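Colleague: Could you take me through one part of this model up close? I'd like the helix in the middle of the chain, and how it sits against whatever is around it.

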Amino acid sequence: MMHKALVACRAGVGSSLMLKIKVNEVVKENNLQLVVEHSSLDGLNGFDGDMVITLIDVAQELEEKKVPYKVVGIRNIVDKEEIKTKLLEALTE
């Protein structure tokens, strides 16, 4: 089953763009069934996917707000092993 994720941060510029690049590398290297989009948090309005990938502090805020998406919080945006582990966990839930 193909999943759709939004990589987002508050501004949607630096950190989330870097995170999107790393997520795409992990998706490709591991043949994950995941399509990745990128935006600021404003992009959540109207997002029709099932997962949000963001920085750990933003992830905690989103979980507190009970957003209707699976939230994946990443501590180190260049750590592909962390990204892989958390994506595999989220995709198998």
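Modeller: Here is a walk from the whole chain down to that helix, and then out again to a few loop residues.

Bear in mind that this is a predicted model. The chain has three helices and four strands, and from the N terminus they come in the order β-α-β-β-α-β-α. The helix you want is H2, residues 56-64. For a sense of scale, the C-alpha trace spans about 30 × 25 × 20 Å along its principal axes. The radius of gyration is 12 Å, which agrees with the value near 12 Å that a compact globule of 93 residues would have. Buried residues account for 42% of the 93. Of the contacts between residues at least 6 apart in sequence, 59% join residues at least 24 apart. About 5200 Å² of the chain is exposed, with 51% of that coming from carbon and sulfur atoms.

Now to H2 itself. Val58, Ala59 and Leu62 are its buried residues to look at. They sit on the same side of H2, because the arc they cover around the axis is only 105°. That fits the usual helix geometry: with 3.6 residues a turn, residues three or four places apart point the same way. As for what lies over that side, the cover on the buried residues of H2 includes E3 and E4.

Ala59 is the residue I'd zoom in on. Its relative accessibility is 3%, so it counts as buried, the cut-off being under 20%. Leaving out neighbours within four places in sequence, Ala59 is in contact with Thr54, Val71, Val72 and Gly73. Take Val72 from that list: it is 13 residues from Ala59 in sequence, yet the two C-alpha atoms are 6.6 Å apart.

Which core does Ala59 belong to? There are two to keep separate here. The largest nonpolar core has 18 residues, and those touching the most other members are Leu19, Val23, Leu34, Met51, Ile53 and Leu87. The elements giving two or more residues to this core are E1 (3-9), H1 (14-29), E2 (34-40), E3 (51-55), E4 (70-74) and H3 (80-92). Apart from it lies another core, of 10 residues, and that is where Ala59 is found, along with Leu6, Leu62 and Val71 among others. So as not to leave the largest core as a bare list, look at Leu87: beyond its neighbours within four places in sequence, it is in contact with Val23, Val26, Val27, Leu32, Leu34, Met51 and Ile53.

Leu6, one of the residues in the core with Ala59, brings us to E1, the strand that spans residues 3-9. E1 is mostly covered, with six of its seven residues buried. E1 and E2 run parallel and are joined by seven bridges, while E1 and E3 pair, also in the parallel sense, over three bridges. Val7 shows both pairings: its bridge partner in E2 is His38, and its partner in E3 is Ile53. In a regular strand, side chains alternate between the two faces of the sheet.

Back to the end of your helix. Just after H2, Lys66 takes a positive phi of about 55°. Lys66 is in the loop between H2 and E4, and with 70% relative accessibility it counts as exposed. Most residues other than glycine have a negative phi. Asn31 is another non-glycine residue with a positive phi, of about 50°. Asn31 lies in the loop between H1 and E2 and is exposed too, at 64% relative accessible area.

One last stop, at the start of the chain. Met1 is in the segment before E1 and is exposed, with a relative accessible area of 75%. Exposed or not, Met1 touches Gln33 and Asp50, not counting residues up to four places away in sequence. Its C-alpha atom is separated by 9.9 Å from that of Leu32, 31 residues along the chain.

To pull the view of H2 together: the buried residues Val58, Ala59 and Leu62 lie on the same side of the helix, E3 and E4 are among the elements covering them, and Lys66 follows just after H2 with its positive phi.

Note on methods. Residues numbered from 1 in each chain as written. Predicted model: local features only at pLDDT ≥ 70, side-chain atom pairs only at ≥ 80, totals over all residues. Heavy atoms only, no water. Core = buried A, V, L, I, M, F, W, Y, C linked by side-chain atoms within 4.5 Å. Buried < 20%, exposed > 50% of the residue type's maximum accessible area, 1.4 Å probe, protein only. Contact = heavy atoms within 4.5 Å. Pairing = 2+ DSSP bridges. Rg over C-alpha atoms; globule rule 2.2 N^0.38 Å. Areas by Shrake-Rupley, 256 points an atom, 1.4 Å probe, with all protein chains shown as cover. Arc of directions from axis to C-beta.
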